[in-house]
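Here is a brisk report on one chain, taken contact by contact. Keep the viewer open while reading.

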Amino acid sequence: FEDKVANVWCAAAPLLRLRSWASPPQLLALALATTVIALLPSGASVLRKPTPRALLWALLNSSLAFFLFSYQVHEKSILFALLPAALLAPTSPEAAALAHIIPQIALSSMFPLLRRDGLVLPFLSLGVFWWSILPFFARVTPVAMDFRWKGAMAFSVLAPAFLHVAEAFIPPPERFPDLHVLLLMMLSAALLSVAFFASNLF
């Protein structure tokens with residue numbers, strides 16, 4: 001991964017110390033195997049039932065799989081998941097919820113990169129706009145959205161927002177100067193992983 005990225009390997013590295021028990025070739029093989037395994041369910045589904053909707057789910061799942069499990073990932077790679085998520089939004093309440101959650105987490109996960117490029121104001125503007133249309137996503141669906149999906153959508157907004165506020169007002173310990181960024185990446189990776197596994201159920 002490049003810098004700190006919201007994928008599984010970057011999130012797991014501080015906890016599992018991956019490079020202390022596996023060489024780079026071994027980690028590459030592990031990442032390749034994990035990515036291929038993650039691609040199989042949606043790939044098999046679209047081959048078994050080749051419909052436009054199944055193709056969109058496969059595109060969403062494959063883009064999330066590559067972002068979460070690939071060996072080298074750039075922060076902006078998460079943007080590949082946004083188009084199929086947006087196209088799926090009108091098809092079901094679950095798809096509409098994921099179409100809100102994934103862009104929200106994608107935006108938050110790119111904050112360190114955007115800040116480094118001097119784009120904090122556009123980040124905040126886009127974030128406020130996206131948060132303001134949360135009620136719209138909760139209402140405009142083919143049928144009523146389950147309260148659990150509404151809760152997941154709210155959590156995808158509030159949890160990263162809490163970490164952004166904490167970073168702005170609480171200095172990190174001297175021993176861990178990147179603590180805030182690392183916590184944000186771990187949260188984003190966890191939420192994207194949940195979204196990935198949920199999207200494989202539809």
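## A189 and its contacts

Leaving aside its neighbours within four places in sequence, A189 is in contact with A6, N7, A11 and L68. The model is predicted. A189 sits in helix 11. Its relative accessible area is 4%, so A189 counts as buried. One of its partners, A11, belongs to helix 1 (residues 8-16). Another, L68, is among the helix 4 residues that meet helix 11.

Not every pairing is a contact. A189 and L121 are 68 residues apart in sequence, and their C-alpha atoms lie 24 Å apart in space.

## Helix 4 against helix 11

Helix 4 (residues 52-69) and helix 11 (residues 179-199) have axes that come within 10 Å. The axes cross at roughly 145°. The crossing is left-handed.

On the helix 4 side, the contact is made by W57, L60, N61, L64, A65, F67, L68 and F69. On the helix 11 side, A189, L192, S193, F196 and S199 take part. By class, this contact has 10 nonpolar residues, three polar ones and no charged ones. An α-helix has 3.6 residues a turn, so residues three or four places apart point the same way.

S193 deserves a separate look. This serine lies in helix 11. Is S193 buried or exposed? With a relative accessible area of 14%, S193 is buried, because the cut-off for that class is under 20%. Setting aside residues up to four places away in sequence, S193 touches V8 and L68. L68 is also a partner of A189.

## Helix 1

Four residues of helix 1 are buried: W9, C10, A11 and A12. What do the buried residues of helix 1 pack against? They pack against helix 2 (18-21), helix 3 (24-48), helix 4 and helix 11. A11 and A189 illustrate the link to helix 11.

After helix 1 comes R17. The phi of R17 is positive, near 50°.

## The nonpolar core

The largest nonpolar core has 46 residues. Which residues have the most contacts inside it? They are L60, L64, F67, I78, I102 and L192. L60, L64 and F67 also appear on the helix 4 side of the contact with helix 11, and L192 appears on the other side.

Several helices feed this core. Helix 3, helix 4, helix 5, helix 6 (93-109), helix 7, helix 10 and helix 11 each supply at least two residues. The largest share, nine residues, comes from helix 11.

I102 shows how the core is joined. Not counting residues up to four places away in sequence, I102 touches L60, L64, A81, L82, L192 and A195.

## Two salt bridges

How many salt bridges does a search of the whole structure find? The search finds two. One joins the side chains of E75 and R116, at 3.8 Å from N to O. E75 is in the loop between helix 4 and helix 5 (82-88), and R116 is in helix 7 (residues 111-116). The two are 41 residues apart, so this pair links distant parts of the chain. E75 is buried, at 3% relative accessible area.

The other bridge joins the side chains of E167 and R115, at 2.5 Å from N to O. E167 lies in helix 10 (residues 147-169) and R115 in helix 7, so the pair ties together parts that are 52 residues apart in sequence. R115 has a relative accessible area of 35% and is partly exposed.

## F111 in helix 7

F111 lies in helix 7. Its relative accessible area is 9%, so F111 is buried. Beyond residues up to four places away in sequence, F111 touches V120, F123, H164, E167 and L184. E167 also forms the salt bridge with R115.

F111 and V46 are 65 residues apart in sequence. From C-alpha to C-alpha, F111 and V46 are 34 Å apart in space.

## S45 in helix 3

S45 is found in helix 3. At 26% relative accessibility, S45 is partly exposed. S45 and L55 are 10 residues apart along the chain, and 8.9 Å separates their C-alpha atoms.

Terms used. Residues numbered from 1 in each chain as written. Predicted model: local features only at pLDDT ≥ 70, side-chain atom pairs only at ≥ 80, totals over all residues. Heavy atoms only, no water. Axes fitted to C-alpha atoms, helices over the stretch in contact; angles between N-to-C directions. Left-handed = near helix turned anticlockwise from the far one by under 90°. Contact = heavy atoms within 4.5 Å. Nonpolar A, V, L, I, M, F, W, Y, C, P; charged D, E, K, R; others polar. Salt bridge = Lys/Arg side-chain N within 4 Å of Asp/Glu carboxyl O. Buried < 20%, exposed > 50% of the residue type's maximum accessible area, 1.4 Å probe, protein only. Core = buried A, V, L, I, M, F, W, Y, C linked by side-chain atoms within 4.5 Å.
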